[in-house]
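This report describes one protein structure for a reader who is new to the subject. Please keep the sequence and the model in view while reading.

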Amino acid sequence: MSSPGTILVVTDRPDHGHSLKGAVERIADCRIVVTTQPWWLTGPVLGVIVNVKLSRPQSHACLTWLKQQLGPQPPPALFLTEDTTSAALREARAFGAAACLPVYTEPRVAVAALARLVYPHDTVTDLIVGRGVARAGRLLEDMFHTAEAGAVNIAAVEDALEPVLNAIQEGGLTRWLDVVWEHDDTTFQHCLLVAGLTTAFSQSLGLSRTDQHQMARGALVHDVGKAQIPLAILNKPGKLEADEMAVMRTHAALGYGILKSSGNCDPVALAVTRHHHEMLDGSGYPDRLSSDAIADPIRLLTICDIYAALIERRPYKAPYSSADAMRVLEGMGGKLEGALVQAFGKAVASPSGSPSRAVA
Ligand SMILES: [Fe+2]
Ligand SMILES: [Fe+2]
């Protein structure tokens with residue numbers, strides 16, 4: 001599975017470098033190095049894609065500098081070469097190429113070839129799912145840390161959206177959950193679960209990419225108010241007393257306040273954060289909204305949120321199976337929209353969507 005570090009794309013063609021970067025970022029962080037500009041390594045390098053004309057003097061200078069900086073045990077390097085004669089391939093190998101492909105190779109194919117060298121035991125899908133969970137997990141850690149002081153970096157949330165959407169699209173919910181179960185922090189695990197469920201649900205409903213972003217954004221931030229709940233209540237290894245529950249319930253309005261004071265937050269993310277515990281029959285909190293006052297994105301996320309809480313393992317309860325969790329949702333009558341609960345059931349029951357551990 002992916003480890004911290006960057007894949008370098010060394011290029012003398014910035015336009016092609018950017019399409020390679022887009023493909024690399026599906027599996028790892030990426031940095032573009034342009035041969036004509038000075039650069040230094042700033043952290044661990046997992047692998048290198050070299051996309052330069054070897055005949056150019058600046059390519060030689062750049063690759064010699066690269067070799068020096070990577071040291072005696074360099075990571076695997078894939079060269080994309082225009083010239084496929086044996087002399088050119090020998091030259092590429094002299095600069096450290098572990099493999100060579102023609103320069104016109106599709107970026108995703110080139111990245112898959114490098115991935116086989118860097119992670120011989122993982123499939124590209126494993127890497128995409130691992131990347132999505134890791135990226136979202138990192139965001140949640142940073143976000144909850146700064147939220148304690150009252151604000152979060154809204155722009156950072158945007159960087160996690162595509163990795164989450166790609167992970168669910170490529171790997172399905174089951175693989176997402178398999179990785180998420182390994183997270184030991186209950187709150188982060190819950191937010192990752194809700195993000196995966198919401199994205200899988202949005203994709204099964206055929207929502208546009210923009211709407212999927214909106215839903216994933218809301219899912220990632222929806223419980224940010226828990227950053228201001230005392231840990232003794234948040235992590236209590238047992239059921240909450242009435243007064244503790246009252247404190248816990250403030251997280252929805254607290255989260256809304258945090259996002260509001262962070263500036264420039266999407267209105268849907270604000271709404272789902274404040275209202276994801278509202279019920280259609282008016283029995284929810286914090287504003288006791290009912291029926292039409294609860295917009296579709298909130299209805300959708302609320303279903304995912306309740307289902308996630310049910311299938312989670314907590315010190316005081318065994319995880320519900322997927323079937324039992326669905327029975328609870330279906331039994332909530334006028335609190336949730338029945339048709340949406342049915343659609344959610346189909347989304348999590350599809351072959352790629354069924355949560356493996358909860359079903360077992
Ligand atoms: Fe919540
Ligand atoms: Fe939640």
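## The two iron ions

The iron ion (ligand 2) and the iron ion (ligand 1) are 3.5 Å apart, and Asp 223 coordinates both. Every value in this report was computed from a predicted model.

Which residues hold the iron ion (ligand 2)? Its protein donors are His 190 (NE2), His 222 (NE2), Asp 223 (OD) and Asp 305 (OD), which lie 2.1 to 2.2 Å from the ion. For the iron ion (ligand 1), the coordinating residues are Asp 223 (OD), His 251 (NE2), His 276 (NE2) and His 277 (NE2), at 2.1 to 2.2 Å. The table sets the two sites side by side.

| Ion | Protein donors | Donor distance | Spacing along the chain |
|---|---|---|---|
| iron ion (ligand 2) | His 190 (NE2), His 222 (NE2), Asp 223 (OD), Asp 305 (OD) | 2.1 to 2.2 Å | H-x31-H-D-x81-D |
| iron ion (ligand 1) | Asp 223 (OD), His 251 (NE2), His 276 (NE2), His 277 (NE2) | 2.1 to 2.2 Å | D-x27-H-x24-H-H |

The geometry of each site can be described by the angles among its donor atoms. Around the iron ion (ligand 2), the 4 donor atoms give angles of 83 to 172°, and the site is irregular. Two of the donors of this ion, His 190 and His 222, come from distant parts of the chain, 32 residues apart. His 190 belongs to helix α7 (residues 186-204), whereas His 222 is in the loop between α8 (209-221) and α9 (231-234).

Why is the arrangement around the iron ion (ligand 1) irregular? Its 4 donor atoms subtend angles of 84 to 172°. Four donors count as tetrahedral if all angles lie between 85 and 135 degrees, so the range of 84 to 172° does not meet that rule. For comparison, the ideal angle for four tetrahedral donors at a metal is 109.5 degrees.

Are the histidine donors His 190 and His 222 buried or exposed? His 190 is buried, with a relative accessible area of 3%. His 222 is also buried, at 0% relative accessibility. Of the donors of the other ion, His 276 and His 277 are both buried.

## Residues in helices α7 and α13

Helix α7 also contains Phe 201. This residue is counted as buried because its relative accessibility is 0%, and the cut-off for buried is under 20%. Which residues does Phe 201 touch, apart from those up to four places away in sequence? They are Leu 300, Cys 304, Leu 340, Ala 343, Phe 344 and Ala 347. The last of these, Ala 347, is 146 residues from Phe 201 along the chain, yet their C-alpha atoms are separated by 5.6 Å.

Thr 302 lies in helix α13 and is buried, at 2% relative accessibility. Leaving aside residues up to four places away in sequence, Thr 302 touches His 275, His 276, Glu 278, Met 279 and Leu 336. One of these, His 276, is a donor of the iron ion (ligand 1).

## The loop between α12 and α13

Several backbone features are found in the loop between α12 (267-275) and α13 (296-311), where Pro 286 lies. The peptide bond from Tyr 285 to Pro 286 is cis, with omega near 10°.

In this loop between α12 and α13 is also Arg 288, which has a positive phi of about 50° although it is not a glycine. Arg 288 is exposed, with a relative accessible area of 57%. Ser 291, another residue of the loop between α12 and α13, is likewise not a glycine and has a positive phi, near 30°. Ser 291 counts as partly exposed, at 37% relative accessibility.

## The two domains

How is the protein chain divided? It consists of domain 1 (6-118) and domain 2 (124-349), whose centres, taken over C-alpha atoms, are 39 Å apart. At their interface, 8 residues of domain 1 are in contact with 7 residues of domain 2.

The area buried between domain 1 and domain 2 is about 680 Å², and carbon and sulfur atoms give 49% of it. Arg 26, Ile 27 and Asp 29 supply 73% of the area that domain 1 buries against domain 2, more than any other three residues.

There are 3 salt bridges across the interface of domain 1 and domain 2. Asp 29 also forms a salt bridge with Arg 138, with a distance of 3.6 Å from N to O.

Methods:
Residues numbered from 1 in each chain as written. Chains lettered and ligands numbered in written order. Predicted model: local features only at pLDDT ≥ 70, side-chain atom pairs only at ≥ 80, totals over all residues. Heavy atoms only, no water. Helix = DSSP H or I, 4+ residues; strand = E, 2+ residues; numbered from the N terminus. Buried < 20%, exposed > 50% of the residue type's maximum accessible area, 1.4 Å probe, protein only. Donors = N, O, S within 2.8 Å, 3.2 Å for Na, K, Ca; no water. Tetrahedral: all angles 85-135°; square planar, octahedral: opposite > 155°, others 65-115°. Domains from an automatic or database assignment. Contact = heavy atoms within 4.5 Å. Buried area = accessible area lost by both parts, 1.4 Å probe. Salt bridge = Lys/Arg side-chain N within 4 Å of Asp/Glu carboxyl O.
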